[in-house]
Amino acid sequence: MRENLKFYATLFWSTFYISLFTFGGGYVIVPLLRKRFVDRYHWIDEEEMIDLIAIAQASPGPLAVNVAILVGYRLKGVVGSIVTILATILPPFFILSIISTIYSSFIKNTYINGMLKGMQAGVAAVILSVVLDMVKEGKEERNNTFYIVLVAAFLASFLFQINVAFIIIGAAFTGGINEYQKKRKRSGKRL
Amino acid sequence: MIYIKIFWSFFQIGLFSFGGGYASMPLIQNQIVDLHGWLSMKEFADVITVSQMTPGPIAINSATFVGLRVAGVLGAVVATAGCILPSCIIIMILSTLYYRYRGLSMIQGILKGLRPAVIALVLSAGLSLCQASFGLERQDLLRFHSIDYASIVIFTFALIGLRRYKANPIFIMLLSGLVGMLVFS
């Protein structure tokens with residue numbers, strides 16, 4: 001029981017801390033998640049993390065919330081996901097409640113604006129750095145399909161601004177077809 | 001009853017906002033500005049501005065803001081709950097399926113297709129942020145808005161800190177914010 005409570009507390013504060021720093025869109029949680037949940041606590045492994053992000057992308061709702069639900073659910077079932085949901089929504093909840101009362105002085109404050117501008121550059125570096133890590137990881141088992149999907153998904157998203165949900169569906173479909181063909185080839189050889 | 005109305009409205013936002021962030025903005029606008037008139041267009045734009053300046057997803061921030069505005073703290077709680085309930089249900093189903101069937105070769109194949117796509121999406125998000133940060137959103141083919149050299153320098157040092165010295169990402173973000181505060185204001 002004691003151990004359990006301690007685990008929930010760690011889970012809550014880790015998630016709370018990540019949520020507090022999700023500036024610049026949901027994707028910044030990827031490096032933060034990797035650092036804490038994969039490298040520090042070893043709660044999930046790298047491949048599983050990428051799979052969970054894919055599932056979060058395929059579902060409706062904000063990425064950060066979806067990932068939180070997934071990680072909580074994976075570690076401690078429904079109770080775990082309630083803990084991570086609370087930890088994710090409490091920081092924006094409090095911050096927005098406060099800011100809605102001091103709104104006009106907040107958005108005009110030059111220090112805050114300067115800080116945000118600097119943070120934007122820092123967040124960009126943090127996000128691109130995790131891309132390098134993800135590309136490096138698990139290089140052995142990659143084939144041409146991996147790189148084709150990577151390039152196609154990138155162009156679809158960055159250049160053509162296609163909705164992420166369609167990109168995910170397309171990639172899943174490609175992976176499925178690829179596997180099906182491989183299977184047919186294998187069973188063909190057996191005959 | 002107002003709470004049920006708020007809940008239902010944000011439930012729909014939660015259910016249909018695929019693709020996150022900016023993809024969900026028209027949907028949120030439709031529900032809270034056009035259909036119910038809970039916020040004016042100007043106030044909605046303010047919510048977006050504040051969302052960009054604070055941590056947290058736009059949908060959750062609008063839920064908090066609208067809920068508070070229309071029905072106090074309880075309204076905010078109801079709106080937020082409505083917003084995340086669809087994700088909870090769908091995700092728990094998908095997650096159960098994932099852990100039960102991820103050994104199957106077909107699912108393995110699908111996941112193999114998804115992994116590079118996820119990397120590509122994170123890359124795309126990072127580069128879009130770079131564009132916005134460096135002032136490189138193009139006006140036309142050759143002219144850029146105005147290149148922001150200070151941001152490029154902050155970015156470069158941040159990247160060196162992360163790659164070479166394995167600095168903590170949060171530390172890098174805070175430091176970049178501090179430098180930004182000194183440089184830009």
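Okay, let me start with one residue: A:His42 is exposed, because its relative accessible area is 61%, and exposed here means over 50%. Before I go on, keep in mind that what we're looking at is a predicted model.

So where does A:His42 sit? You'll find A:His42 in the loop between α2 and α3 of chain A, with α3 covering 46-58. The backbone there is worth a look too. Most residues other than glycine have a negative phi. A:His42 isn't a glycine, yet its phi is positive, about 55°.

Chain B has a residue to put beside that one. B:Lys166, also not a glycine, has a positive phi of about 50°. Its place is the loop between α6 (149-164) and α7 (169-184) of chain B. Buried or exposed? B:Lys166 counts as exposed, because its relative accessibility is 56% and the cut-off is over 50%.

Now let's step back to chain A as a whole. How many helices and strands does chain A have? Eight helices and zero strands. Read from the N terminus, that's α-α-α-α-α-α-α-α. Along the principal axes, the C-alpha atoms of chain A fill a box of roughly 75 × 50 × 30 Å. Chain A has 191 residues, and 53% of them count as buried.

The domain assignment splits chain A into domain 1, residues 2-138, and domain 2, residues 142-191. Taken over C-alpha atoms, the centres of those two domains of chain A are 28 Å apart.

Chain B gets two domains as well: domain 1 is 2-101 and domain 2 is 105-184. For chain B, the C-alpha centres of the two domains lie 26 Å apart.

Next up, empty space. Rolling a probe the size of a water molecule over the atoms shows where empty space is left. Searching the whole structure turns up two cavities of 30 Å³ or more. The largest cavity holds about 140 Å³ of space. It's lined by 15 residues, and the closest to its centre are A:Thr15, A:Ile18, A:Ala64, A:Ala68 and A:Thr88.

Which helices of chain A supply at least two lining residues each? Those are α1 (2-20), α2 (29-40) and α4 (63-99). The largest share comes from α4(A), with six residues. As for chemistry, the lining of the largest cavity has nine nonpolar residues, six polar ones and no charged ones.

Over to chain B and its membrane annotation. The UniProt entry, which is unreviewed, lists "transmembrane region" for residues 7-28, 73-101, 113-136, 142-160 and 167-184 of chain B. What does the model show over those stretches? I'll take two of them. Residues 73-101 of chain B are 100% helix and 0% strand, with 42 Å between the end C-alpha atoms. Residues 113-136 of chain B come out at 92% helix and 0% strand, and there the end C-alpha atoms lie 32 Å apart.

While we're in chain B, let's look at helix α4, residues 58-101, which is where B:Phe65 sits. B:Phe65 counts as buried because its relative accessibility is 11%, and buried means under 20%. Its C-alpha atom is 14 Å from that of B:Gln52, and those two residues are 13 apart along the chain.

B:Gly67 is in helix α4 of chain B too. B:Gly67 is buried, because its relative accessible area is 0%. How far apart are the C-alpha atoms of B:Gly67 and B:Ile6? They're separated by 7.3 Å, even though the two residues are 61 apart along the chain.

Last topic, the cysteines, since somebody at the bench usually asks. Over all chains, the structure holds zero disulfides. Take B:Cys83: it's in no disulfide, and the nearest cysteine sulfur, that of B:Cys88, is 10 Å away. A disulfide here needs the sulfurs within 2.5 Å, so that pair doesn't qualify. And why does B:Cys83 count as buried? Because its relative accessibility is 0%. B:Cys130 counts as buried as well, with a relative accessibility of 7%.

That's my tour. Happy to pull up any of these residues on the screen.

Key
Residues numbered from 1 in each chain as written. Chains lettered and ligands numbered in written order. Predicted model: local features only at pLDDT ≥ 70, side-chain atom pairs only at ≥ 80, totals over all residues. Heavy atoms only, no water. 1 Å grid on protein atoms, 1.4 Å probe; cavity = no way out; pocket = protein on both sides within 12 Å on 5 of 7 lines; lining within 4 Å. Points joined across faces, edges and corners; volume = space filled by probe spheres on them. Helix = DSSP H or I, 4+ residues; strand = E, 2+ residues; numbered from the N terminus. Nonpolar A, V, L, I, M, F, W, Y, C, P; charged D, E, K, R; others polar. Buried < 20%, exposed > 50% of the residue type's maximum accessible area, 1.4 Å probe, protein only. UniProt positions renumbered as here; feature names shortened; annotations may be inferred. Domains from an automatic or database assignment.
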